[in-house]
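Let's take a walk through this structure together, beginning with a single residue and moving outward from there. Please keep the viewer open as you read.

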Amino acid sequence: MRTEHDLLGQRDVPVDAYYGIHTVRARENFSITGIPIHKELVEALVVIKKAAALTNISIGALDTKKGEAITAACDEILAGALRSQFVVDCMQGGAGTSANMNVNEVIANRAIERLGGQKGDYHLIHPLDHVNLHQSTNDVFPTAVRIAAIRLLKPVAESFANLQSALQEKEEEFSRVIKAGRTQLQDAVPVTLGQEFGAWAQAISRDRWRLYKAEERLRQVNIGGTAVGTGLNAPRSYIFTMIEKLRDLTGISLARTDYMMDPTQNCDVFVEVSGLLKTAAVNLSKIANDLRLLSSGPYTGIGEITLPAAQAGSSIMPGKVNPVIPEAVNQVAFQIIANDTAITLAAMSGQLELNAFLPVIAKNLFEELNLLDHTLPIFIKRCIEGITANTQTCREHLENSTVMLTALTPILGYDKGTEAALILKETGQSIRDIILEKNWMTAAELEALLKPERLTSPSTDKKH
């Protein structure tokens, strides 16, 4: 063990640990979830430390030798080294101070080694005086959360684009499959199966666009604002150079906010982004519900589509196959909606110049993004792409219901339509047979009126 000191006294630190006393105390205080800070958040914090070191070297605030040791340590971490040393819990008090200090200490101790020193010899490289120079947790952590969120958002937006394409392919494939449309779970009017998939694709296209635009909200950062957004202890040259370095290192078009106190204390941007993810989750859950309903039975339910069989459905019922992929999508949606509530509560509970609850906002936002990133490809590959239409079942449901009557009402009149519906209910005859038996139309006239394109599109304007 080695002994390190801080404001509260001293603590023993494992001699091979790259973290220090601040991280040790954080581990003692916050053994809560067992989940460490997110990998993307670690990388974002390290990128900020590298940018700060380069900036401080360039403005003459940091010795070049020390600065280069810090940047080299950052590069090692970004390449995958020392990941086991980031050990603080994702749920922590202090507005992210523990996460920031964990990163500061690991970078400092690796930089010390690069200069030939021993871990804990902070005379060579100090976690606060050098690695954290001209920074505060209160500008570093919010900036890191934004960078990490942007990086996690990109693949999610791409997956929504892929889902939209998959649904549109099914829209085309099923464009001639005529079936019963339903409102309030009751038979309504004819639609095509393709139209149902097309409506889902439209909803997903809106989600795709919303998430694409959401990145813009996250690009405004408060780096350089230090403790409360006033920029205390940060030279003006540092503030302006720092944002340029961060743009170069991240490849993200970050912008320094004009009023740095705003993002230091206000977290509404994260509520907005989470709200968009929640909206997407609502659409996903609606689609999953519809797929489960349309495939229900298959012999005693609707059974108009067949979902790809993913696994055996029961340990007691032979032959049973359940819609497990849509069910998983439903559960992911429920979790995202719950996370959004936590983010909303945390954002509204901030006080005065700082929101102390940003760690739980980050934890829940990153979880939302990870859930969607993992779930959407599964939904596409293991469900949507393999859906098949049960064309005969669709046709039978259509013929053996009152669904076609609405389309025929302009010709038959409402009273005859009602009469036909009552006969169907009493005898089970199809609407087609009833109309022909009553001699209300000829077979040719009826066939012309029941063409799929006429049943599922607006009526032709009448000429007077």
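**A guided walk through the model**

Leu82 counts as buried because its relative accessibility is 18%, where buried means under 20% relative accessible area, exposed over 50% and partly exposed in between, with a 1.4 Å probe and protein chains only. A word on the ground rules: this is a predicted model, in which local features need pLDDT of at least 70 and side-chain atom pairs count only at pLDDT 80 or more, while totals for chains, interfaces and linings use all residues. Residues are numbered from 1 along each chain as its sequence is written, and side-chain values use heavy atoms, with hydrogens and water left out.

Back to Leu82, which sits in the loop between helix H3 (64-78) and helix H4 (97-114); helices (H or I, at least four residues) and strands (E, at least two) are DSSP runs, numbered from the N terminus. What is the phi of Leu82? It is positive, about 60 degrees, although Leu82 is not a glycine. Most residues other than glycine have a negative phi, and most peptide bonds are trans. His134 also has a positive value, with phi near 65 degrees. You will find His134 in the loop between helix H5 (127-131) and H6, and its 15% relative accessibility makes it buried. Gly60, just after H2, takes a positive phi of about 80 degrees. As for the peptide bonds, the one joining Gly297 and Pro298 is cis, with omega about -5 degrees.

Helix H2 itself is a nice check on geometry. The expected span of a helix is 1.5 Å times one less than its number of residues, so the 20 residues of H2 (residues 39-58) should cover 28 Å, and the 29 Å between its end C-alpha atoms agrees with that. H2 is mostly covered, with 16 of its 20 residues buried.

Next, look at the aromatic rings. The structure holds three aromatic pairs, counted when rings of Phe, Tyr and Trp (its six-membered ring) have centres within 6.5 Å, with planes under 30 degrees apart called stacked, over 60 edge-to-face and the rest tilted. One of them joins Phe197 and Trp200, an edge-to-face pair at 4.7 Å centre to centre with 65 degrees between the planes. These two residues are three apart in helix H7 (residues 193-218), which means about one helical turn separates them. Both Phe197 and Trp200 are buried, and together with Phe174 they form one aromatic cluster.

Two further aromatic residues deserve a stop. Phe160 belongs to helix H6 (residues 137-173) and is buried, at 0% relative accessibility. Trp440 lies in the loop between helix H16 (431-437) and helix H17 (443-449), and it counts as buried at 19%. Its C-alpha atom is 9.4 Å from that of Ile411, which is 29 residues away along the chain.

Now for the empty space. Rolling a probe the size of a water molecule over the atoms shows where empty space is left. On a 1 Å grid over the protein atoms alone, a cavity is a set of points where a 1.4 Å probe fits but cannot get out, and a pocket is an open set with protein on both sides within 12 Å along at least five of seven lines; lining residues have an atom within 4 Å of a point. Grid points are joined across faces, edges and corners, and a volume is the space filled by probe spheres set on the points.

The largest pocket holds about 430 Å³. Of the 22 residues lining it, Ser295, Gly297, Pro298, Val321 and Asn322 lie nearest its centre. Strand E7 (305-306) and helix H11 (324-348) are the elements that give two or more residues to this lining, and H11 gives the most, with three. Pro298, whose bond to Gly297 is the cis one, is in the loop between helix H10 (268-294) and E7. The pocket lining divides into 13 nonpolar, six polar and three charged residues, where Ala, Val, Leu, Ile, Met, Phe, Trp, Tyr, Cys and Pro count as nonpolar, Asp, Glu, Lys and Arg as charged, and the others, Gly among them, as polar.

There is one cavity of 30 Å³ or more. Its lining consists of Ala95, Pro142, Thr264, Cys267, Leu354, Asn355 and Leu358, with five nonpolar, two polar and no charged residues.

Cys267 leads to our last stop. How many disulfides are there? The count is zero, a disulfide being a pair of cysteine sulfur atoms within 2.5 Å. The sulfur of Cys267 is 16 Å from the closest cysteine sulfur, in Cys90, and therefore too far for a bond.
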